[in-house]
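Biologist: Could you pull up the model so we can go through it together? I have a few questions about its cysteines and its strands.

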Amino acid sequence: MPLRGFGVVNFELMLLRRMHDHQQALVGAALKNLGKSATDLRTAHAQWQRGLRGGFPGGAARYRLALGKPAVVSSRTVPVVGELAVEAWPMPLWPGLQFQIAFGPGGDVVDERLARMADSTAPAIASVADLRPWLLVIDDVEAACSPVRYRMSGGAVASHAAAAFTTPDGAACEAQFSWGLLQYAADTGNQRAD
């Protein structure tokens, strides 16, 4: 049974709270689309944080409690780590995307982020101009611009990831992701990001 009063919309609001750090205008438009306010966003985020500190079960079970039965259940093998279970829930605010968790045999979540649904096609990436916020996820960038190098800076939040890579046309880029969703990307002016 889902967490009382939470559900998908409040989960989306919780995700938006971290995205607000980078894309205030997009978050504002999303709130309007959802018929919600900045107060609703803060309330959902606070409820999630309280749950993490004591009200939620650990690992993958917390997501089932908040979001209900997953729409996707699968597995994937990761080098060194081994086989991971994968569960995902559609996120209507971002059509074609789902919130995906990957966890090991003990249920400990090792990855949690927005990912593209299997039947959704990623936008093409040829240059920096194609790296538009909220349209691409980490997997899309990795597929088009591999290798992607990630780094955490001091004070970084676990839901944020910074990355450096080279676009197919040779531009070196740096990008910021929140919950796996591209927030912004910039040409660093170098010939290549190697």
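What follows is a short back-and-forth on this predicted model.

Biologist: How many disulfides does a search of the whole structure find?

Modeller: Take Cys 145: its closest cysteine sulfur sits in Cys 173, 7.0 Å away, which is too far for a bond. A disulfide would need the two sulfurs within 2.5 Å. For the whole structure, the search comes back with zero.

Biologist: Is Cys 173 buried or exposed?

Modeller: The cut-off for buried is under 20% relative accessible area. Cys 173 has a relative accessibility of 1%, so this residue counts as buried.

Biologist: Which residue's side chain makes a polar contact with the side chain of Thr 167?

Modeller: Thr 167 lies in the loop between β6 (160-166) and β7 (172-178). With 2% relative accessibility, Thr 167 is buried. Leaving aside neighbours within four places in sequence, its contacts include Cys 145 and Cys 173. The polar side-chain partner, at 2.4 Å, is Asp 169.

Biologist: In what order do the four strands of the open sheet come?

Modeller: The edges are β5 (149-151) and β8 (181-187), each pairing on one side only. β6 and β7 pair with each other in the antiparallel sense over seven bridges. Across that pairing, Ala 161 stands opposite Phe 177 in β7. The full antiparallel order is β5-β6-β7-β8.

Biologist: And which helix packs on the sheet?

Modeller: Neighbouring strands here are turned by 25 degrees against each other on average, direction ignored. The helix touches β5, β6 and β7, and its direction makes about 15 degrees with that of β6. Covering residues 138-145, this is α5.

Note on methods. Residues are numbered from 1 along each chain as its sequence is written. This is a predicted model: local features need pLDDT of at least 70, side-chain atom pairs count only at pLDDT 80 or more; totals for chains, interfaces and linings use all residues. Side-chain values use heavy atoms; hydrogens and water are left out. Buried means under 20% relative accessible area, exposed over 50%, partly exposed in between (1.4 Å probe, protein chains only). Helices (H or I, at least four residues) and strands (E, at least two) are DSSP runs, numbered from the N terminus. A polar contact is a pair of N or O atoms within 3.5 Å; within protein, one must be able to donate a hydrogen and the other to accept it, and residues adjacent in sequence count only if both atoms are side-chain atoms. Contact means heavy atoms within 4.5 Å. Two strands pair if DSSP finds at least two bridges between them. Axes are lines fitted to C-alpha atoms, for helices over the stretch in contact, and angles run from 0 to 180 degrees between N-to-C directions.
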